[in-house]
Amino acid sequence: MQILVVEDDNRISNFLIKGLEECGYLVTLCKNAEDVLQHYVNIDWDLIILDIMLAGMDGVQLMQTLRYKKVYSPILMLSALNSVQDKVTALDYGADDYLTKPFHFDELLSRIRALTRRRQYQQQETPKAELHFGELIINLEQYKVSLSGEEIDLSPREYKLLNYLVENIDKTVARVQILNAVWGITFDNHTNVVDVYISYLRNKIEKNGNKYIYTVKGVGYMFKAS
């Protein structure tokens, strides 16, 4: 699961990231609304955890903007504001849930499970043992990849990267998300390792006019069936 956390308080964001990652979630941190709109608005997040009291554009304004831009990912608002009117306003403007600070982490996890249950049900379908994308075939049981009937020699890291892209077919995945999932790096340290390995993959699977991996300028990459 891909979760975007928008929180500018280091103490809270560190607490959230540590706890969520220990529970197996892939977490991306953004500290202000402007960065979300510039870099992360085109990503299909499984959940957005959004603080209301952000510097600059606040959380409610960001949420309104996201909904205007047709971002329909579930949004869980976090706020120290606990009046009924504050909650009503957030929910009316597009929030799916509202959690008041301070909160117990177990309650946060329960809210997350409730908000993402529908997506989890959709993902519980029995996966196919072999995936076909035109001339590209990926055997998930034997960890083999072939193109036009010829087996392709992929390193374990290249295979993991390809598998992650395929799991998110037709969805834009940011470089930082790829770093999290494939290399276990939980922050963007400006490394170009993702771009290098994307190049390796393209050289191996995009032959004879086949095109699978598309660059989404300023964001990351998308896998599409040829």
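**Figure 1. Where the charges of the protein sit.** In this predicted model, the protein carries 25 positive and 30 negative charges, and their mean positions are 2 Å apart. The accessible surface around the protein comes to about 12,200 Å². Of that surface, 48% belongs to carbon and sulfur atoms.

**Figure 2. The overall fold and its dimensions.** Try tracing the chain from end to end: the secondary structure comes to eight helices and 12 strands. Along the principal axes, the C-alpha atoms fill a box of roughly 65 × 35 × 30 Å. The radius of gyration is 19 Å, which agrees with the value near 17 Å for a compact globule of 226 residues. Among contacts between residues at least 6 apart in sequence, 55% join residues at least 24 apart.

**Figure 3. A look at helix α7.** Helix α7 spans residues 175-183 and is mostly covered, with eight of its nine residues buried. Among them you can find Val 176, Ile 178, Leu 179 and Trp 183, along with Gln 177 and Asn 180. Ala 181 and Val 182 are buried too. Just after α7 comes Gly 184, with a positive phi near 75°. For the protein as a whole, 45% of the 226 residues count as buried.

**Figure 4. How confident the prediction is.** The mean pLDDT of the protein is 88, and 92% of its residues reach 70 or more. Where is confidence lowest, and where is it highest? Look for helix α5 (residues 105-123), which has the lowest confidence, at a mean of 81. Then turn to strand β3 (residues 47-51), where confidence is highest, at 95.

Note on methods. Residues numbered from 1 in each chain as written. Predicted model: local features only at pLDDT ≥ 70, side-chain atom pairs only at ≥ 80, totals over all residues. Heavy atoms only, no water. Helix = DSSP H or I, 4+ residues; strand = E, 2+ residues; numbered from the N terminus. Rg over C-alpha atoms; globule rule 2.2 N^0.38 Å. Buried < 20%, exposed > 50% of the residue type's maximum accessible area, 1.4 Å probe, protein only. Contact = heavy atoms within 4.5 Å. Areas by Shrake-Rupley, 256 points an atom, 1.4 Å probe, with all protein chains shown as cover. Lys, Arg positive; Asp, Glu negative; His and termini not counted. Charge placed at Lys NZ, Arg CZ, Asp CG, Glu CD. pLDDT = per-residue confidence, 0-100.
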